[in-house]
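User: I'm new to this one and would like to know how its descriptions are backed up. Can you take me through the reasoning?

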Amino acid sequence: MKKNWLKVCTLLLCFILCFGLLAGCGGKDNSEATGKDEVVIATDTDLKALDPMKNWNSSCYYIYWTVYDRLIGFNEETGEFEPELAESWDISDDGMVYTFHLRKDVKWHDGSDFTAEDVKYTVERGIETGCGIYPSVSHATIIDPYTIEFHMLEPNSLLMDKQWNGDACIIKKDCGDDVAQNVVGTGAYKIKEWVTGDHLTIEANPDYWGEAPKVKTIKFVTMPEANTRLVSVQSGDVDAAPIPAANVKQASSDDNLTVLSKESTQVNYIGLNVNCKPLDNKLVRQAIAYALDKDAMIEAQLEGHGSVANTMVPSSISGHNASIKGYELNIEKAKELLAQAGYPDGFEIELASVAGKHDLATQVVQSNLKEIGIKVTLKPMDATAFNDYQNTNKAQMFIGYRSSSNADFYVKIMHSNNIEQGRNAVGYKDADMDKMLNESYVAMGEARDAIYAKIQEKIHDEAVVLPLYTSTVFAVVQKDLKGVDLLSTSGIDFSGIYY
């Protein structure tokens, strides 16, 4: 009898404890879900169009990472590809066929089913637009509704690395160019409201196949001016914002905020349009290279949070050519080259840039080139206008940047095939360069890195693009805001944020 009573008490105690724990767990989840329904993010550029294959300013990627999915993901810590819309994949022994096995539980934001038809359409449109996500892919073949093959023109080890990029979004079948304004994805969030020039709000997707978002809505508010973004975070009107290095000290002094940082693979560079005289003269371009004080730019623009870039491929990327030492600051050498080129008294030139992104660096460039007689007129522009200006080869000189996880992305802008698409904004055409780039697409491992090394040597000698510095990515967030993921490719993924 005593043993039976003890057994009953034990069972009753276990029931109470378990019920209490379950209630406690439920309370915690509910608290997280209702603690703050909306998070406000300040963006540095306006969101005017959202076509993953055509629109690539920094703020666009905030939407691409949250609203869309890719075939695969990438773990920066392990360096391994991870399943996303593709549960698994196989690569034929000869590297000519990639087979992707797709998830069966994915729906588009409009409620329709995601299938291989959508992937096929994405690939075909990607090839047609020349977006660069499908290197050497000839066509895609549907095996069944959830299995698709990519057939190659030749083996290309870059293909998988392209599939996890922020703009490698899988888009809905037959969306066409309408995708730029009417965004329908499969991601954790979907578009709720879009007021061009002011804000874009996304809301949690209740039918998301993955882990449910912890915040109901995220509102992206356009704030091009960095100081305004910081002040807005300090006041509590904004929860998070990207900031330049110049704002880090002030943001760090506020106990209510957290400054996040990550070393990036972003190479900032000056492009020299060879279709504009006198930039068609290599001696002039080399003179400009010798006149640039990169350390001064890093101090001015980045508050010292950066490193001098000697080549277009950063040191952390496979294929970097460490033997290239870059153009050292040498004013006398620069003047000598200008004189040899027939411009002993210099000339006038325009330098275009995105307003608020490189302002102090452009002022250093202007001051540097003044020392050798070159009068530089600065042309700061909003991001959309700058991209149009640059991509149509109208810019004489411009400051741009490249950021990726593979060397190809940094050097392919030199291929003549990319002039029409706007990616070769310097208008450079060279048969040897094209040949080396074409060879790099099919080479593997060390052989490919050796080709990249030669490409970088030619880029250095031609001085058509002048690498300046690599930078650090910064974001300022409210103290209790978590889940803001800074990417080494200079992007920020807000899909996992929560309080």
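**Checking the labels**

User: Let's start with Thr186. Which residues is Thr186 in contact with, leaving aside its neighbours within four places in sequence?

Analyst: Val67, Tyr68, Asp69, Leu85, Val106, Lys107, Trp108, His109, Phe114, Asn205, Tyr208 and Trp209. Keep in mind that this is a predicted model. Thr186 itself is found in the loop between α4 (159–162) and β8 (189–195).

User: Why is Thr186 called buried?

Analyst: Its relative accessible area is 0%, and buried means under 20%, so Thr186 gets the label.

User: What makes the link between Thr186 and Asp69 a polar contact?

Analyst: The two side chains come to 2.8 Å of each other. The cut-off for such a pair of N or O atoms is within 3.5 Å, so the pair makes it.

User: And His151, which side chain does it pair with in a polar contact?

Analyst: That of Glu149, at 2.9 Å. His151 has its place in strand β7. Beyond four places in sequence, His151 also touches several residues, among them Met96, Val97, Ser138 and Thr141.

User: How do you know that the length of helix α3 is what it should be?

Analyst: Helix α3 covers residues 116–129, which is 14 residues. At 1.5 Å a residue they should span 20 Å, and the end C-alpha atoms are 20 Å apart, so the two agree.

User: Which residues of α3 are buried, and what covers them?

Analyst: The buried ones are Ala116, Asp118, Val119, Tyr121, Thr122, Val123, Arg125 and Gly126. Their cover includes β5 (97–102), β6 (137–144) and β7 (147–152). Just after the helix, Gly130 takes a positive phi of about 65 degrees.

User: How many disulfides does the structure hold?

Analyst: Zero. Take Cys60: the nearest cysteine sulfur belongs to Cys169 and is 10 Å away. A disulfide needs sulfur atoms within 2.5 Å.

User: Why is Cys131 not bonded to Cys169?

Analyst: Their sulfurs are 10 Å apart, which is too far for a bond. As for burial, Cys131 counts as buried because its relative accessibility is 4%, and Cys60 is buried too, with a relative accessible area of 1%.

User: What about Pro242: why does that count as buried?

Analyst: Its relative accessibility is 9%, and the limit is under 20%, so buried it is. Pro242 sits in strand β11 (residues 240–242). Leaving aside neighbours within four places in sequence, Pro242 is in contact with Ala42, Tyr62, Arg229, Phe474, Ala475 and Ile492.

User: Now the whole chain. How many helices and strands are there?

Analyst: The protein chain has 14 helices and 19 strands.

User: What makes the chain as compact as a globular protein of that length?

Analyst: The radius of gyration is 26 Å, and the globule rule gives 23 Å for 499 residues; those are close, so the description fits. Also, 53% of the 499 residues count as buried. Of the contacts with a separation of 6 or more, 69% are between residues 24 or more positions apart.

User: How confident is the predictor, and where does pLDDT stay under 50?

Analyst: The chain averages a pLDDT of 90, and 93% of the residues score at least 70. Residues 1–34 are where pLDDT stays under 50, and there the model has four contacts beyond four places in sequence.

Note on methods
Residues numbered from 1 in each chain as written. Predicted model: local features only at pLDDT ≥ 70, side-chain atom pairs only at ≥ 80, totals over all residues. Heavy atoms only, no water. pLDDT = per-residue confidence, 0-100. Contact = heavy atoms within 4.5 Å. Helix = DSSP H or I, 4+ residues; strand = E, 2+ residues; numbered from the N terminus. Buried < 20%, exposed > 50% of the residue type's maximum accessible area, 1.4 Å probe, protein only. Polar contact = N/O pair within 3.5 Å; in protein donor to acceptor, adjacent residues only side chain to side chain. Expected span 1.5 Å × (residues − 1). Rg over C-alpha atoms; globule rule 2.2 N^0.38 Å.
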